[in-house]
Amino acid sequence: TAEWCVTCAVNKSLVLNDPKITNLLSQPDVIAMRADWTKQDPKITDFLQKYDRYGIPFNIVFGPNSPEGIPLPEVLSISGVEEVLQKAGLK
């Protein structure tokens with residue numbers, strides 16, 4: 001995310017802060033992480049490039065069924081995030 005990213009703010013407001021999603025992300029076996037690219041950071045840039053991305057928003061889900069990660073689309077939906085979390089192995 002970044003302060004200047006409008007799509008990031010919309011994703012956060014409409015999807016990531018939705019009670020269904022916050023409940024899923026707060027489960028004990030989930031580690032939710034956020035990287036702030038407001039001031040471009042080489043570690044974040046390297047991570048993005050590892051997945052052939054060169055900008056944000058970028059969201060990816062790792063899990064027992066997806067150790068390589070499942071990238072999410074730039075514009076998130078509640079059902080899409082739920083589906084990917086389940087596909088990755090969230091119970």
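Ser66 is placed in strand 2 of this predicted model. With a relative accessibility of 6%, Ser66 counts as buried, because the limit for that class is under 20%. Beyond the residues up to four places away in sequence, Ser66 touches Val61 and Ala88. In the pairing of the strands, Gly63 stands opposite Ser66.

The two strands concerned are strand 1, residues 60–63, and strand 2, residues 66–71. They run antiparallel and are joined by three bridges. The connection from strand 1 to strand 2 is a hairpin of two residues.

Val61, one of the residues touched by Ser66, also belongs to the largest nonpolar core. This core has 13 residues, and those with the most contacts inside it are Val61, Leu72, Val81 and Leu85. Helix 2 and helix 4, the latter spanning residues 78–88, each supply at least two residues of the core. Helix 4 gives the most, with four residues. A second core, separate from this one, has 10 residues, among them Trp37, Leu48, Tyr51 and Ile56. As for Leu72, its contacts outside its neighbours within four places in sequence are Arg53, Asn59, Val61, Gly80, Val81 and Val84.

Helix 2 covers residues 19–25 and includes Asn23. Asn23 counts as partly exposed because its relative accessibility is 48%, and exposed residues must be over 50%. The C-alpha atoms of Asn23 and Ala9 are 19 Å apart in space, and the two residues are separated by 14 residues in sequence.

Helix 3 spans residues 42–50 and is capped at its N-terminal end by Asp41. In this cap, a side-chain oxygen of Asp41 lies 2.6 Å from the backbone nitrogen of Lys43. Just after helix 3, Asp52 takes a positive phi of about 55°. The positive value occurs here in a residue other than glycine. Asp52 lies in the loop between helix 3 and strand 1. Its relative accessible area is 60%, so Asp52 is exposed. The loop between helix 3 and strand 1 is also the place of Pro57. The peptide bond from Ile56 to Pro57 is cis, with omega near 5°. Ile56 is included in the second core described above.

Aromatic residues form a further set of contacts. The structure holds five aromatic pairs. One of them, between Tyr51 and Phe62, is edge-to-face, with 6.3 Å from centre to centre and 65° between the planes. This pair links distant parts of the chain, as Tyr51 is in the loop between helix 3 and strand 1 and Phe62 is in strand 1, 11 residues apart. Tyr51 is buried because its relative accessible area is 19%, whereas Phe62, at 41%, is partly exposed. Phe47, Tyr51, Phe58 and Phe62 form one aromatic cluster. Tyr51 thus appears both in the aromatic cluster and in the second nonpolar core.

Technical notes
Residues are numbered from 1 along each chain as its sequence is written. This is a predicted model: local features need pLDDT of at least 70, side-chain atom pairs count only at pLDDT 80 or more; totals for chains, interfaces and linings use all residues. Side-chain values use heavy atoms; hydrogens and water are left out. Two strands pair if DSSP finds at least two bridges between them. Buried means under 20% relative accessible area, exposed over 50%, partly exposed in between (1.4 Å probe, protein chains only). Contact means heavy atoms within 4.5 Å. A polar contact is a pair of N or O atoms within 3.5 Å; within protein, one must be able to donate a hydrogen and the other to accept it, and residues adjacent in sequence count only if both atoms are side-chain atoms. Rings of Phe, Tyr and Trp (its six-membered ring) pair if their centres lie within 6.5 Å; planes under 30 degrees apart count as stacked, over 60 as edge-to-face and the rest as tilted. A nonpolar core is a set of buried Ala, Val, Leu, Ile, Met, Phe, Trp, Tyr and Cys residues joined through side-chain atoms within 4.5 Å.
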